[in-house]
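Work through the exercises below with the sequence and the structure side by side, and try each task before reading its solution.

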Amino acid sequence: MRILARSVGQGRLEDSDRAYLAQVVAARTGLSPDEAQRRIGEVETKARDAADKVTKAGAYFSFWAFMALLFGGAAATLGGILGGQLRDADIRAR
């Protein structure tokens, strides 16, 4: 798992890591080395796709969080301006 997580972070799985993983998968599952290589490729693709989805979701969340804070700041500013004007008008009326 650490090898795959690091490879997704780096953007590619190194050949030495791929060979090591193929040996481990072949030894533990009894698959041929070619079949183990194919499975490693599938898992790598799935992990990369999942990382891409998480990245996109984080970008969307960040954008909408920024927009919410921006609109909240604008609403607070307008509320302060209107509240100050009402306060000033009330003071003058007394």
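**Exercise 1.** In which helix does alanine 22 lie? Decide as well whether alanine 22 counts as buried or exposed, and find what it touches beyond its neighbours in sequence.

Solution. The model is a predicted one, and the first step is to place the residue: alanine 22 belongs to helix 2. The second step is to compare its relative accessibility, 7%, with the limit for a buried residue, which is under 20%; alanine 22 therefore counts as buried. The third step sets aside neighbours within four places in sequence, and what is left for alanine 22 is contact with Ala36, Gln37 and Ile40. As a last step, look at glycine 41, which is 19 residues away from alanine 22 in sequence and 9.9 Å away in space, taken from C-alpha to C-alpha.

**Exercise 2.** Find which residues make up the largest nonpolar core, and which helix gives the largest share of it.

Solution. Begin with the members, which are eight residues in all: Ile3, Leu4, Leu13, Leu21, Ala22, Ala26, Ala36 and Ile40. Next, ask which elements give two or more residues to this core; these are helix 1 (2–10), helix 2 (15–29) and helix 3 (33–93). The largest share, three residues, comes from helix 2. To follow one member in detail, take alanine 36, which touches Ala22, Val25 and Ala26 when residues up to four places away in sequence are not counted.

**Exercise 3.** Describe how helix 2 and helix 3 cross, and name the residues that make the contact.

Solution. Start from the axes of helix 2 and helix 3, which come within 9 Å and cross at roughly 115°. The crossing in which helix 2 passes helix 3 is right-handed. Then list the two sides of the contact: helix 2 brings Arg18, Ala19, Leu21, Ala22, Val25 and Ala26, while helix 3 brings Ala36, Gln37, Ile40, Gly41 and Glu44. Turning to burial, the buried residues of helix 3 are Ala36, Ile40, Glu44, Met67 and Gly84, and helix 2 is included in what covers the buried residues of this helix.

**Exercise 4.** Determine whether glutamate 44 and aspartate 17 count as buried or exposed, and trace the contacts of arginine 18.

Solution. Take glutamate 44 of helix 3 to begin with: its relative accessibility is 7%, so glutamate 44 counts as buried. Leaving out residues up to four places away in sequence, glutamate 44 touches Arg12, Leu13 and Arg18. Aspartate 17, whose place is in helix 2, has a relative accessibility of 14% and so counts as buried; with the same kind of neighbours left out, aspartate 17 touches Ile3 and Arg6. Arginine 18 is found in helix 2, and, not counting residues up to four places away in sequence, it touches Leu13, Gln37, Ile40, Gly41 and Glu44. Aspartate 90, by contrast, is 72 residues from arginine 18 in sequence and 76 Å from it in space, C-alpha to C-alpha.

**Exercise 5.** Check the span of helix 3 against the expected value, and then find which residues form the aromatic pair.

Solution. Helix 3 has 61 residues, and at 1.5 Å a residue it should span 90 Å, because the expected span is 1.5 Å times one less than the number of residues. The end C-alpha atoms of helix 3 are 89 Å apart, which agrees. For the second part, a search of the whole structure finds one aromatic pair. Phenylalanine 63 and tryptophan 64 form this pair, edge-to-face, with 4.9 Å from centre to centre and 75° between the planes. Phenylalanine 63, at 42% relative accessibility, counts as partly exposed, whereas tryptophan 64, with a relative accessible area of 55%, is exposed.

Key: Residues are numbered from 1 along each chain as its sequence is written. This is a predicted model: local features need pLDDT of at least 70, side-chain atom pairs count only at pLDDT 80 or more; totals for chains, interfaces and linings use all residues. Side-chain values use heavy atoms; hydrogens and water are left out. A nonpolar core is a set of buried Ala, Val, Leu, Ile, Met, Phe, Trp, Tyr and Cys residues joined through side-chain atoms within 4.5 Å. Buried means under 20% relative accessible area, exposed over 50%, partly exposed in between (1.4 Å probe, protein chains only). Helices (H or I, at least four residues) and strands (E, at least two) are DSSP runs, numbered from the N terminus. Contact means heavy atoms within 4.5 Å. Rings of Phe, Tyr and Trp (its six-membered ring) pair if their centres lie within 6.5 Å; planes under 30 degrees apart count as stacked, over 60 as edge-to-face and the rest as tilted. Axes are lines fitted to C-alpha atoms, for helices over the stretch in contact, and angles run from 0 to 180 degrees between N-to-C directions. A crossing is left-handed if the near helix is turned anticlockwise from the far one by less than a right angle, and right-handed if clockwise.
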